[in-house]
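Q: I'd like a close look at a single part of this protein, and then a tour outward from there. Here is what I have on screen.

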Amino acid sequence: MSKATQYVARHPGSDGRIDYPQDEHAIWQELYARQEHNLPGRACDEYMQGLKALDLPKDRIPQLGELDAVLQDTTGWKTAAVPALISFGRFFELLANKEFPVATFIRSREEFDYLQEPDIFHEIFGHCPLLTNPAFAHFSHIYGQLGLDASKEDRVFLARLYWFTVEFGLLRTQTDGLRIYGGGILSSPGETLYAFSDTPERRPFELLDVLRTPYRIDIMQPIYYEIEHIDFLDEIARMDIMKAITQAKRLGLFTPKFQPKAS
């Protein structure tokens, strides 16, 4: 979360609103239109219900206060405007306080299909609809509390848990089959389709396995982990996650399913 970035977050004016240029509103509009077409039948019901509740504008980047009114009313959360990248410590602090960090910039057209770092479309469109869901919101809160007290080494393992749930998690439902709940997929036109293809491997969620699975942020994921329903996140929150991290450190990581990143 602390690597260099090409993006610069925009800051609110004296009225508390951020004035985005029209070309950035146009990128939001195009991204929204593509995902509005891609997600029905692929996104989980809880996400689609949250998207409806937020009633996001389709033709412009929303102001954070518009979301906060709904999030506060449903689960007690709110958003927090942040720079393009923040430290792990700040990230965990915000989640522990029920504040979801939103970087106030939007991707360039060169990174339209897949972005390595979270932009405002990823954060708002990808994650905020599920923050209206009690199980998702509770898991995010517990995760933040764990991260605040964790060591630097343990936070690396916690990052894998977040990656394979909140960011790139899938549901394997009994009634509807495969569905997406991870915001990294929901906000990516490319990965939404890829996740349903025959290319990636999909495994049942096992906490210890998740903690031992390496990942790269700059590629489509070779492995996804599935849970049966969104309320299973409550069960994960009740697990002894830090004890599992101790076991994962002792056992070591699995062999990566991807090639090393070129230096």
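Leaving aside its neighbours within four places in sequence, which residues is D68 in contact with?

A: Keep in mind that this is a predicted model. Beyond its neighbours within four places in sequence, D68 is in contact with W77, K78 and T79. As for where D68 sits, look in helix α3, which covers residues 64-74. D68 counts as buried because its relative accessibility is 18%, and the cut-off for buried is under 20%. Another way to place D68 is against V102: the two are 34 residues apart in sequence, and their C-alpha atoms are 12 Å apart in space.

Two of those names lead on to the next stop. K78 and T79 fall within the stretch of β1 (78-82), and V102 within that of β2 (99-103). Both strands are packed against by the buried residues of α4, as are α6 (134-149) and α7 (152-167). Helix α4 itself runs over residues 88-96, and its buried residues are F91, F92, L94, L95 and A96. After α4 comes K98, which has a positive phi, near 60°.

The aromatic side chains pick up the thread here. F91 and F92 belong to one aromatic cluster, together with F88, F139, Y143 and Y162. By the ring-pair rule, the count comes to 18 aromatic pairs. One of them is W163 with F168, a tilted pair with centres 4.6 Å apart and 40° between the planes. Both W163 and F168 are buried.

For comparison with D68, try two other polar residues. Q35 is found in helix α1 (residues 22-38), and with 0% relative accessibility Q35 counts as buried. Not counting residues up to four places away in sequence, Q35 touches P40, F121, F125, I185, L186, S187, S188, P189 and T192. Take F125 from that list: F125 is 90 residues from Q35 along the chain, yet their C-alpha atoms are separated by 9.3 Å.

The other one is E226, in strand β6 (residues 223-227). E226 also counts as buried, at 11% relative accessibility. Once the neighbours within four places in sequence are set aside, the contacts of E226 are L170, R172, L178, R202, R203, P204 and F205.

Now zoom out to the whole chain. There are 12 helices and six strands in the chain. The radius of gyration is 18 Å, close to the 18 Å that the globule rule gives for 263 residues, so the chain is as compact as a globular protein of that length. Along the principal axes, the C-alpha atoms fill a box of roughly 50 × 45 × 40 Å. D68, Q35 and E226 have plenty of company: buried residues make up 54% of the 263 in the chain. Of the contacts between residues at least 6 apart in sequence, 67% join residues at least 24 apart.

On the outside, the chain exposes about 12100 Å², with 48% of that supplied by carbon and sulfur atoms. As for charge, the chain has 28 positive and 38 negative side chains, and the centres of these two sets lie 5 Å apart.

Definitions and conventions:
Residues numbered from 1 in each chain as written. Predicted model: local features only at pLDDT ≥ 70, side-chain atom pairs only at ≥ 80, totals over all residues. Heavy atoms only, no water. Helix = DSSP H or I, 4+ residues; strand = E, 2+ residues; numbered from the N terminus. Rg over C-alpha atoms; globule rule 2.2 N^0.38 Å. Buried < 20%, exposed > 50% of the residue type's maximum accessible area, 1.4 Å probe, protein only. Contact = heavy atoms within 4.5 Å. Areas by Shrake-Rupley, 256 points an atom, 1.4 Å probe, with all protein chains shown as cover. Lys, Arg positive; Asp, Glu negative; His and termini not counted. Charge placed at Lys NZ, Arg CZ, Asp CG, Glu CD. Phe/Tyr/Trp six-rings, centres within 6.5 Å; stacked < 30°, edge-to-face > 60°.
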